[in-house]
Amino acid sequence: MIDFKALAQNYGTPLYVYDFDAMSAQFESLKEAFRGRKSILAYAVKANSNLSVVKHFAQEGAGADCVSIGEVRRALLAGVPKYRILFSGVGKRDDEIREAIEADILYINVESEAELGRVELIARELGKEARISIRVNPNIDPKTHPYISTGLHDNKFGVEIDAAKRMYIQAKNSANLDPVGIHFHIGSQLTELEPIYEAAVIVADLLRSLQAIDIELKFFDIGGGLGVRYNDETTITPYDYAQAILAALKGLDVTIVCEPGRFLTANAGYFLTKVLYEKRNGAKRFVVVDGAMNDLIRPSLYKAYHRIEALEKTGDVSVADVVGPVCESGDFLAKEYPLPLMEHNDLLVVHSAGAYGFGMGSNYNTRGRSAEVAVEKGQDRLIRRRETFDDVIACERDYL
Ligand code: LLP
């Protein structure tokens with residue numbers, strides 16, 4: 001049991017708390033599901049990019065799926081071996097491509113014909129052969145929130161099958177490109193297996209048709225997206241997930257690369273915030289807290305549900321909007337949430353905040369970002385200090 005009260009007292013609020021043992025347990029469960037198969041679990045750094053979190057997964061044997069050169073640098077700094085680092089993303093700059101090739105990472109996931117041209121050119125300038133994988137858009141509806149759906153032609157991600165074929169042929173014929181993998185990622189917070197299986201079948205068929213023209217790919221990259229329980233969702237078990245992928249891959253000897261983010265971190269993270277005031281506007285009840293949309297934007301951005309626990313509070317509940325100090329009506333952590341009557345300094349624990357929480361934070365309203373704390377084997381430690389006012393203005397003050 002994590003002593004949230006003590007942590008809030010020691011480190012202050014708002015505060016992110018991560019249970020590193022819970023992260024390990026999630027990692028192990030996924031690893032177990034792919035046991036006996038060649039596989040790489042490349043942690044999607046964007047979900048929670050704190051260096052200590054990335055290092056924790058590196059020590060478990062994870063690779064890293066990165067979407068900017070900043071994330072690649074983080075992964076290297078945290079001790080992820082370069083041969084387990086991938087670089088994905090729809091808009092890579094030339095300097096990012098150059099640095100990734102020079103860093104000799106496992107492969108670059110290429111997302112357009114134009115990008116393939118840039119990668120080839122830059123590799124030629126460097127006198128190198130760039131290992132690449134192509135992100136295929138299988139045109140599958142993943143049945144998740146439209147903002148985090150990525151596998152439809154309507155979405156900006158990946159290329160169509162025909163374009164992918166052309167690109168693999170171009171890569172095979174190039175002295176500066178080494179096609180080693182194939183990639184898809186249809187969306188995030190997936191709770192249905194069928195779309196993943198369908199996508200895997202489409203991409204595995206493409207892989208077979210490439211083999212027929214002598215293009216041998218080693219890595220079958222299934223992206224991330226495994227959903228978690230925020231409320232009462234039914235989720236996909238790691239076992240069923242792995243079985244569906246293996247069924248699609250029947251007869252193919254490939255290394256499976258998986259890019260889980262949320263699955264590894266979401267439910268291992270908590271956001272602690274203190275009550276400032278109770279207030280009413282007419283019949284409407286508000287609980288005003290010291291955490292806000294700049295700390296945790298998921299409720300505002302996606303109307304995402306996060307369970308909220310009023311620590312050590314009992315008594316009759318009534319619904320309230322839990323709102324922060326930011327000057328936006330969209331600044332809320334929950335709407336119409338049943339809570340007992342709260343008092344100044346009472347503690348609220350916002351659950352499932354370990355993925356896309358801190359990382360999507362900002363300094364909006366000149367609010368310093370929260371501190372982050374790791375709890376591991378009963379011990380807690382700071383893994384990011386709270387930002388000060390000086391931190392927030394650091395990039396501006398010299399220009400006054
Ligand atoms: N691989 C690729 C290519 C991705 O685009 C993503 C997530 C992942 C892996 C990791 O997906 P995960 O396993 O975490 O579902 N901010 C949103 C989620 C955005 C996901 C973006 N891509 C949220 O808070 O729900």
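A residue counts as buried under 20% relative accessible area, as exposed over 50%, and as partly exposed in between. The structure described here is a predicted model. By this scale asparagine 365 is partly exposed, because its relative accessibility is 32%. The residue is placed in the loop between strand 15 (347-350) and strand 16 (371-376). Its backbone is marked by a phi near 65 degrees, a positive value in a residue other than glycine.

Asparagine 139 also has a positive phi, of about 55 degrees, although it is not a glycine. This asparagine belongs to the loop between strand 6 (130-135) and helix 7 (161-172). Its relative accessible area of 39% falls between the two cut-offs, so asparagine 139 is partly exposed. A further backbone feature occurs at proline 14, which is joined to threonine 13 by a cis peptide bond with omega of about -10 degrees. Proline 14 sits in the loop between helix 1 (4-11) and strand 1 (15-19).

Strand 1 follows in the description. The side chains of Leu15, Val17 and Asp19 point one way from strand 1, those of Tyr16 and Tyr18 point the other way, and all of these residues are buried. Because 5 of the 5 residues of strand 1 are buried, the strand is largely enclosed by the rest of the structure. Two pairings involve strand 1. With strand 16 the pairing is parallel and extends over 5 bridges; within it, tyrosine 18 has alanine 374 of strand 16 as its bridge partner. With strand 10 (residues 269-281) the pairing is antiparallel and extends over 4 bridges, and here valine 17 stands opposite tyrosine 270.

A second group of strands is formed by strands 2, 3 and 4. Strand 2 (residues 39-44) pairs with strand 3 in the parallel sense over 3 bridges. One contact in this pairing places glycine 63 of strand 3 as the bridge partner of alanine 42. Together with helix 3 (residues 51-60), strands 2 and 3 make a right-handed β-α-β unit. From strand 3 the chain then passes through helix 4 (residues 69-77) to strand 4, and this β-α-β crossover is right-handed. Strand 3 and strand 4 (residues 85-87) run parallel and are joined by 3 bridges. Among the residues involved, aspartate 65 has leucine 86 in strand 4 as its bridge partner.

Strand 3 (residues 63-66) is covered on both faces. Gly63 and Asp65 on one side are buried, and so are Ala64 and Cys66 on the other. In strand 4, the position of isoleucine 85 was examined further. Its relative accessibility is 0%, which is under the 20% cut-off, so isoleucine 85 counts as buried. Isoleucine 85 and alanine 42 are separated by 43 residues in sequence, yet their C-alpha atoms are 7.1 Å apart in space.

Empty space within the structure was also examined. Rolling a probe the size of a water molecule over the atoms shows where such space is left. The search of the whole structure finds 1 cavity of 30 Å³ or more. The largest cavity has a volume of about 30 Å³. Its lining consists of Phe184, His185, Ile186, Leu190, Ile196, Ile222, Gly224 and Tyr241. By class, 6 of the lining residues are nonpolar and 2 are polar, with no charged residues.

The second largest pocket has a volume of about 260 Å³. Its lining comprises 15 residues, and Ser49, Asn50, Arg74, Phe358 and Gly359 lie nearest its centre. In this lining there are 5 nonpolar, 5 polar and 5 charged residues. Residues of domain 1 (4-15 + 267-399) and of domain 2 (34-260) both contribute to the lining, so the second largest pocket lies between the two domains.

Note on methods
Residues are numbered from 1 along each chain as its sequence is written. This is a predicted model: local features need pLDDT of at least 70, side-chain atom pairs count only at pLDDT 80 or more; totals for chains, interfaces and linings use all residues. Side-chain values use heavy atoms; hydrogens and water are left out. On a 1 Å grid over the protein atoms alone, a cavity is a set of points where a 1.4 Å probe fits but cannot get out, and a pocket is an open set with protein on both sides within 12 Å along at least five of seven lines; lining residues have an atom within 4 Å of a point. Grid points are joined across faces, edges and corners, and a volume is the space filled by probe spheres set on the points. Ala, Val, Leu, Ile, Met, Phe, Trp, Tyr, Cys and Pro count as nonpolar, Asp, Glu, Lys and Arg as charged, and the others, Gly among them, as polar. Domain bounds come from an automatic or database domain assignment. Buried means under 20% relative accessible area, exposed over 50%, partly exposed in between (1.4 Å probe, protein chains only). Two strands pair if DSSP finds at least two bridges between them. A crossover is right-handed if, with the strands pointing away from the viewer, the path from the first strand over the helix to the second runs clockwise.
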